[in-house]
Each structure stands twice: as structure tokens, then as C-alpha cells.
Amino acid sequence: LKAAVARIIKSQTWRFATFPIDQRLCRLELESNQFFQQGKDNQNNPMFVFRNSLPTPWAGNVRSTMLMILHRLETFFNSRSGLAKVTVIILTGEIECASDTSTKKRMASAPEDISSKDDGVENDCVAAPEIDPTAAEYHIHSNFQLVQQVYELLSFHYPERLNKALIVQSKAFSKRRISSFVLSPITQARVVVLNTHADLKKYVADSELQKLGLAT
């Protein structure tokens with residue numbers, strides 16, 4: 001009981017010191033749409049997606065990226081009544097685009113994500129951010145420290161809000177390495193490390209994966 005009370009106090013102190021977030025500190029990260037809300041999983045939980053690859057180079061500012069993630073989460077939760085749970089998909093590898101031409105055309109001409117608008121409320125029906133399958137190069141926009149902080153943030157400050165965190169492993173972020181910082185048995189049940197994007201099918205419908213532009 002003491003540990004639970006201490007955790008609540010620590011989390012509330014953190015919230016008081018963190019919010020509201022000054023969007024000027026993470027403006028570029030918000031505009032990048034690296035972390036966005038799109039669709040629902042097989043259990044009807046809204047999904048958030050963290051992309052590791054973007055067309056522009058990463059400034060390497062972990063703090064600004066974390067502020068962007070917090071802003072997106074808080075905007076979403078504040079727009080929902082009750083204790084809404086979410087599923088978070090973390091894509092640690094390079095971009096994988098769907099192979100069929102029709103999907104590529106739809107992805108390349110996707111409407112602008114309204115969640116990037118200043119103080120706009122996240123919409124779970126908004127189109128996924130544009131992914132250009134013809135782009136010559138994508139840049140990695142995270143490191144192990146950032147992925148670890150995202151996990152710690154969700155598990156400590158949003159334990160009742162997190163349905164599952166689905167982390168797709170890559171060469172730089174192997175399943176063994178990711179599992180090394182998932183220590184709590186309770187958290188282990190919510191964090192699933194997947195081998196490939198195709199493994200997301202167990203948790204997300206094909207139609208939703210196609211909207212996200214993920215190869216399946």
C-alpha cells in the first residue's frame with residue numbers, strides 16, 4: 001500500500017511539473033507526425049503509432065520528442081470521457097511501405113493529419129500522416145534511450161491507460177535488448193515485442209494496417 005501511495009504521489013508531482021506543455025518546445029516534432037493516433041485495434045482500443053523513420057533528418061532532441069508524445073497523449077485523453085485505454089505501436093525499424101500500387105497512391109496523397117494543428121483535438125478517424133513510398137531516403141528518428149523513455153513513460157504514468165505496447169523489433173532494437181528493460185511482471189503482460197510488422201495482424205486488422213501503410 002505504501003508503495004502504491006508513493007507511486008501516485010510521485011506521478012501527480014510529475015504531472016504538476018510537466019503540464020501544460022509549451023508547444024513551442026516541440027513544434028518541429030509535432031509537425032513531423034512521428035507519433036499520431038490512428039484507428040483501433042482488434043479490441044476496439046484506439047491506437048497510437050510511433051514511427052522511427054521520417055523523410056527529414058532527426059535533430060536528436062530526445063526531450064522535445066518526449067514532450068510531443070506527452071502533448072498528443074494528453075490532448076487525446078482530455079477529449080475522452082471515462083478511462084479510455086489505448087494500444088501503442090512502436091516501429092523501431094526502417095519504413096516498410098505496402099507493395100500494391102493503389103495503396104501507394106492513397107498513401108502518397110493522404111490528407112493532412114489534423115492532429116498536428118495547434119491545440120486541435122486528436123481524431124481517431126483522421127488519415128495516417130503522409131508516407132511517400134517514392135522517397136529516396138528515410139532517416140532514423142530515435143535511439144535506444146528514447147524508446148526506453150517512451151516505455152517508462154507509459155508504464156509508470158499511464159498504467160491504467162495502456163492496453164498494450166506493441167514494439168516491432170529491428171536490428172538496432174532487438175527483442176532481447178528491449179526485453180532487458182521490461183522488468184515488472186505486470187508491465188511484461190502489456191508489452192509485446194514482435195519480430196516483424198506482419199506479427200501485428202494478431203492485434204490489428206489488415207484494413208487498419210493498410211491505412212497505416214504497413215507491409216503485411
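## Close-up views of charged and aromatic side chains

Glu31 has a relative accessible area of 48% and is therefore partly exposed. This and every other value in these legends comes from a predicted model.

**View 1. A salt bridge within helix α2 joins Glu31 and Arg27.** The closest N and O atoms of the two side chains are 3.4 Å apart. Both residues belong to helix α2, which spans residues 27-32. They are 4 residues apart, about one turn of the helix. Arg27, like its partner, is partly exposed; the relative accessible area is 45% for Arg27 and 48% for Glu31. The pair belongs to a set of 3 salt bridges found in a search of the whole structure.

**View 2. Arg15 and Glu74 form a salt bridge.** The closest N and O atoms lie 2.7 Å apart. This pair links distant parts of the chain, with Arg15 in helix α1 (residues 2-18) and Glu74 in helix α3 (residues 62-78). The two residues are 59 residues apart. How accessible is Arg15? Arg15 is partly exposed, at a relative accessible area of 25%. Glu74 has a relative accessibility of 9% and so counts as buried.

**View 3. Asp22 and Arg24 meet in a salt bridge.** The distance from N to O is 2.8 Å. Asp22 counts as partly exposed because its relative accessibility is 29%. Arg24 has a relative accessibility of 70% and therefore counts as exposed.

**View 4. Glu208 is buried and has no salt bridge.** Glu208 is found in helix α8, residues 206-211. The nearest side chain of opposite charge is that of Lys211, 4.0 Å away. Which residues does Glu208 contact, leaving aside its neighbours within four places in sequence? The contacts are Gln38, Gly39, Lys40 and Met47.

**View 5. Aromatic pairs in the structure number 6, and two of them involve Phe48.** Phe35 and Phe48 form a stacked pair, with 5.1 Å from centre to centre and 15° between the planes. The pair links distant parts of the chain: Phe35 lies in strand β1 (residues 35-40) and Phe48 in strand β2 (residues 46-51), 13 residues apart. Both Phe35 and Phe48 are buried. Phe48 also pairs with Phe76, here edge-to-face, at 5.2 Å centre to centre and 90° between the planes. This second pair links distant parts of the chain as well, running from Phe48 in strand β2 to Phe76 in helix α3, 28 residues apart. Phe76 is buried, as is Phe48.

**View 6. Seven aromatic residues form one cluster, and Arg161 sits over the ring of one member, Phe77.** The cluster consists of Trp14, Phe19, Phe35, Phe48, Phe76, Phe77 and Tyr158. The charged end of Arg161 is 4.3 Å from the centre of the Phe77 ring.

How values were computed
Residues are numbered from 1 along each chain as its sequence is written. This is a predicted model: local features need pLDDT of at least 70, side-chain atom pairs count only at pLDDT 80 or more; totals for chains, interfaces and linings use all residues. Side-chain values use heavy atoms; hydrogens and water are left out. Buried means under 20% relative accessible area, exposed over 50%, partly exposed in between (1.4 Å probe, protein chains only). Lys and Arg count as positive and Asp and Glu as negative; His and the chain ends are not counted. Contact means heavy atoms within 4.5 Å. Rings of Phe, Tyr and Trp (its six-membered ring) pair if their centres lie within 6.5 Å; planes under 30 degrees apart count as stacked, over 60 as edge-to-face and the rest as tilted. A charge sits over a ring if NZ of Lys or CZ of Arg is within 6 Å of the ring centre and within 35 degrees of the ring normal.
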